[in-house]
Amino acid sequence: MSQTRKNTSSEGETKPQTSSVNKFLRGSKAESRKENNDLKTTDSQPSNWIQKTAPSETAKPLSSEMELRSSMEKYEQFLQKLGKKAVNKCLDLNNCGLTTADMKEMGEALEMIPELEELNLSWNSKVGGNLPLILQKFQKGSKIQMLELVDCTLTSEDGTFLGQLLPMLQSLEVLDLSINRDIGGSLNSIAQGLKSTSNLKVLKLHSCGLSQKSVKVLDAAFRYLAELRKLDLSCNKDLGGGFEDSSAQLVMLKQLQVLDLHQCSLTADDVMSLTQVIPLLSNLQELDLSANKKIGSSSENLLSRLRFLPALKSLVVNNCALESETFTALAETSVHLSALEVFNLSWNKCVGGNLKLLLETLKLYMSLRVLRLSSCSLVTEDVVLLASVIQTGHLAKLRKLDLSYNDSICDAGWTMFCQNVRFLKELIELDISLRPSNFRDCGQWFRHLLCAVTKLPQITEIGMKRWILPASQEEELECFDQDKKRSIHFDHGGFQ
């Protein structure tokens, strides 16, 4: 169950009608909180088609225990055929090869578990075009809290149906429609339905074919999603330019903790608009702006104002083509982000030769767990500075360190680093791989690395692709690998 789920007393709720349903769902958790049937808006109403096909609220129960058991047996047989079972009110059918013939049968099966709270149909392409057959019998008052439909080849018609269904799912907390590239055309219907899901905490629309206009459509729904904690609009490459005039309602998401806008082709005007909004999201913990190369020269003000986000734990700005001024602004504001645990600056060439700007920041980051500086054009002076910070006891909580694709660091720099990496007692992963087009001989620093590894109790993965080991050092590594007391993978891709 999602971490966002709230468990409250079921006092006053109607008990299940039969013991058979309870028996089948044995081990289930306590009843979820009471449904809130008072919609905050009447803008979205289910279509006549759904009203006709959805079971009536006054529908009579099955005439006998025998009929119910027969239906339950069919349901059990359906799940057995798929090698699945419902556990704790959760049904996970992701990536199980559902066929077109399964769709109607599944719709009837779902009717047998009115207490269902989580449904995952992800990675089943045949769901696309058949969503009404599966979900049409969900009725108002459904207890569904999590609905995941990732990469189901949903059609625009499926999106329209879902928009009409959403007002019935008053308990919905997690909705994931990612990697369904054809639902962008039905976003108006989906957004209209979202206005009735006031309990929604997670909305994922990663790679859904969203356009500039989509931002304005979603913006109108944000005011109704006061409980939203996570918003993922990433990998919608046509979204760029959409925030220029349509980001105002983002500020209404007071509880937002995660905002993912990576690879959205954000423009300079988008950044200007977001600069007015993002710093006001005081509960924000994770911000991903990566792979938006057009923001490199225009994000100075936005990055400067991140200092107003004291709860920020993860900042990902890799591959943003940061320029000297924007990196300086980021370095200055990073001193104020004392809660930061993940810092990703990879593929920003301006970091090379300028890591000293982050010196004070690195000394203050007592909670930093992940530091990624891959392909940053780091030079020897940068890695020597990093080694000195490590030697003085800073970065002691670091668990993952990525220095790969920085081919300009000389052997003396690697020696200094490898002599001091032993102080990172909690380190799990280290990557110092070279670029795919480059091969180099390992210097004497490799022995220092092997020695350091023996003093790192938690290390499991060391990336060293394209480093060439001489025969003597390869023998040392083989002896090290034969030590069954340690399980450490040297990812070298086959030493040359």
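## A bridge between Asp411 and Arg440

Let's start with a pair of opposite charges: the side chains of Asp411 and Arg440 meet in a salt bridge, with 3.3 Å from N to O. The two partners sit in distant parts of the chain, 29 residues apart, with Asp411 in helix H14 and Arg440 in strand E14 (residues 440-441). Keep in mind as you look around that this is a predicted model.

Is each partner buried or partly exposed? Asp411 counts as partly exposed because its relative accessibility is 34%. Arg440 counts as buried, because its relative accessibility is 18% and the cut-off for buried is under 20%.

## The chain as a whole

Now step back and look at the full chain. The chain holds 16 helices and 17 strands. Of its 496 residues, 52% are buried. The chain exposes about 22000 Å², and carbon and sulfur atoms supply 48% of that area.

How much of the contact pattern joins residues at least 24 apart? Among contacts between residues at least 6 apart in sequence, the share is 86%.

## More salt bridges to find

The count of salt bridges comes to 10. One of them joins the side chains of Glu476 and Arg447, at 2.7 Å from N to O. Glu476 belongs to helix H16 (residues 471-481) and Arg447 to helix H15 (residues 445-453), so this pair ties together parts that lie 29 residues apart in sequence. Glu476 is partly exposed, with a relative accessible area of 26%, and Arg447 is partly exposed as well, with 32%. Salt bridges can also share partners: Lys397, Arg399 and Glu426 are joined into one network in this way.

Another salt bridge brings together the side chains of Lys143 and Glu115, at 4.0 Å from N to O. This pair also links distant parts of the chain, 28 residues apart: Lys143 is in the loop between helix H5 (131-135) and strand E3 (146-148), while Glu115 is in the loop between helix H4 (100-110) and strand E2 (118-120). Where do these two charged residues stand, buried or exposed? Lys143 is buried because its relative accessible area is 12%, and Glu115 is buried because its value is 8%.

## Two residues with positive phi

Next, a look at the backbone. Most residues other than glycine have a negative phi, so a positive value is worth a second look.

Leu395 is not a glycine, yet it has a positive phi of about 60 degrees. You can find Leu395 in the loop between helix H13 (380-391) and strand E12 (400-402). With a relative accessibility of 1%, Leu395 counts as buried.

Tyr405 is another residue other than glycine with a positive phi, near 60 degrees. Its place is the loop between E12 and helix H14 (411-420). Tyr405 is partly exposed, because its relative accessible area is 21% and buried would mean under 20%.

## A negative patch on the surface

Finally, turn to the surface. Which residues form a negative patch there? The patch is made by Glu300, Glu323, Glu325 and Glu332.

One of these residues, Glu323, lies in the loop between strand E9 (314-316) and helix H11 (324-334). Glu323 counts as partly exposed because its relative accessibility is 39%.

Conventions
Residues numbered from 1 in each chain as written. Predicted model: local features only at pLDDT ≥ 70, side-chain atom pairs only at ≥ 80, totals over all residues. Heavy atoms only, no water. Patch = residues over 30% accessible without salt bridge, like charges linked within 9 Å, V, L, I, M, F, W, Y side chains within 5 Å. Areas by Shrake-Rupley, 256 points an atom, 1.4 Å probe, with all protein chains shown as cover. Lys, Arg positive; Asp, Glu negative; His and termini not counted. Charge placed at Lys NZ, Arg CZ, Asp CG, Glu CD. Helix = DSSP H or I, 4+ residues; strand = E, 2+ residues; numbered from the N terminus. Buried < 20%, exposed > 50% of the residue type's maximum accessible area, 1.4 Å probe, protein only. Contact = heavy atoms within 4.5 Å.
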